[in-house]
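User: I'm new to this one. Could you walk me through its aromatic rings?

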Amino acid sequence: MADAADLKPLPLDALHRRLGARMVPFAGYAMPIQYDGIIAEHLWTREAAGLFDVSHMGQLLVEGEGAADWLESIAPGDFKALQPHRVRYSLLLNDDGGILDDLMVTNTGKSFYLVVNGATKHADIAHMMARLPAGLTLHHMEDHALLALQGPQAVTVMSRFDLTPESADQPDFADLKFMSGARWLWNGVKLGITRSGYTGEDGYEISVPNSHAEALAEALLAHAEVKPIGLGARDSLRLEAGLPLYGHDLDPGITPVEADLAFAISKRRKAEGGFPGAARVLDQLFNGAPRKRVGLSVEGRMPAREGATVSVGDTQVGVLTSGGFAPSLNMPIAMAMIASDHAADGTAVDIEVRGKRIAATVVPMPFKQKNYVREGATK
Amino acid sequence: MSRLYTQDHEWIDVAGGEATVGITDYAQGQLGDVVFVDLPDSGRAVTKGGEAAVVESVKAASDVYAPVSGTVTESNPALADDPSLVNSAPEGEGWFFKLTLSDASELDGLMDKAAYDAFVAGL
């Protein structure tokens, strides 16, 4: 763990401390782990709206002729078919098809806007720069903070903001559907807003210049529906939603098929290949992978944590990659990387915790149904 | 009955050769929401400074150490139904376990309330 003195402050550092956050080291930054308490913050996000500071994440802009083709050389998405103002979840892959990072890619119409994980952003940038052809530029938007407003009341809160579209060809803010985004002006400040998130709830991620991040956060927190939420609840929310966390559930030794993220390989790419590690990944896709990321429903009350071994009888068949207490379900849950022979829903397994065996069952994810508002949905 | 404290934020109430152990209000505040407590079985021998229980918050598991050596006589049955008692009443209903002391002289190195409060203030 880094010394406190080595930690970089986030643009909202002073606000977090004013709000009573407990700050912890994360991805090289001092970050808020909790304010009122993880369970209360988790439940608030599920029923109202939570404001998360995710400014540690890397915001990148790829610009130039052929940007979509180049992205297809490093990730398995169909970026040539990604329409302006649409967002896709994708994976940065190494030559063995291992996952270097997971990321969100937005076609802004003029460029591709990428959001990558905080702990991996510098390695991602180095990986991309080493492969960047002449004519393309990669810009790290270090002068921008990233806020996430998540929860069923997020739409109501944002509808009260006076947002002017940056260009005529973009969707009206009121019509912005899940996994879409564009830029709006708020009090003259340019905000990049996508309807997306990583909590299993409807909501937004908002890119804002550092200079205006605190004003925006204060403006959001001024609404009764909004409370600040720390990293602790972000982790329990994403775990319930079945969303993998890089560095825990995903790493360079794990392929998209093993991670049960094959949906991130677009249909055309499945047919054509041409992405890093395609031979191995497509072989696993069509012929099966040796192991798979699964959800586990854990019996009893004792949480099982990352690193605990998973067994069937006397044979170890896997290991927990994430695990903890699910506040909305009021029970322990976990994710595990498990041998495919034992990965079917309903399979009974044992998890070893401090020398004790806890019964668990492989279950479909998400554990908690997502509340996304999809395009065409009539919610 | 006098209450003593450890630098690991356990408290111990001693009455004759019997003692009750729990964690301090400061400790529960640091842990956050407690969702499970793994308590020692009755009859288990514990050693001063050795692991005696594990308290699980939403985020992580933390060891709780025995303030003194002895044999566990009872663990708090109420924590199985409501582990949040550790948050709401850490130095009362949220006690962890009782034990019989094997060496009362081990109490000598523990802090009284004034010393513990000063210790916490310096953290």
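Analyst: Let's start with a term: a charge sits over a ring if NZ of Lys or CZ of Arg is within 6 Å of the ring centre and within 35 degrees of the ring normal. This is a predicted model, where local features need pLDDT of at least 70, side-chain atom pairs count only at pLDDT 80 or more, and totals for chains, interfaces and linings use all residues. Side-chain values use heavy atoms, with hydrogens and water left out, residues are numbered from 1 along each chain as its sequence is written, and chains are lettered from A and ligands numbered from 1 in the order written.

User: The charged end of which residue sits over the ring of B:Trp95?

Analyst: The distance to the centre of the B:Trp95 ring is 4.6 Å. The residue whose charged end sits there is B:Lys98.

User: How many aromatic pairs does the structure hold over all chains?

Analyst: Rings of Phe, Tyr and Trp (its six-membered ring) pair if their centres lie within 6.5 Å; planes under 30 degrees apart count as stacked, over 60 as edge-to-face and the rest as tilted. Over all chains, the count is seven.

User: A:Phe178 and A:Tyr372 form a pair, so how many residues apart in sequence are the parts it ties together?

Analyst: The two rings are stacked, 4.1 Å centre to centre with 20 degrees between the planes. A:Phe178 lies in the loop between β11 and β12 of chain A and A:Tyr372 in the segment after β21 (strands are DSSP E runs of at least two residues, numbered from the N terminus). The pair therefore ties together parts whose separation in sequence is 194 residues.

User: Is A:Phe178 buried or exposed?

Analyst: Buried means under 20% relative accessible area, exposed over 50%, partly exposed in between (1.4 Å probe, protein chains only). A:Phe178 has 4% relative accessibility, so A:Phe178 counts as buried.

Definitions and conventions
Helix = DSSP H or I, 4+ residues; strand = E, 2+ residues; numbered from the N terminus.
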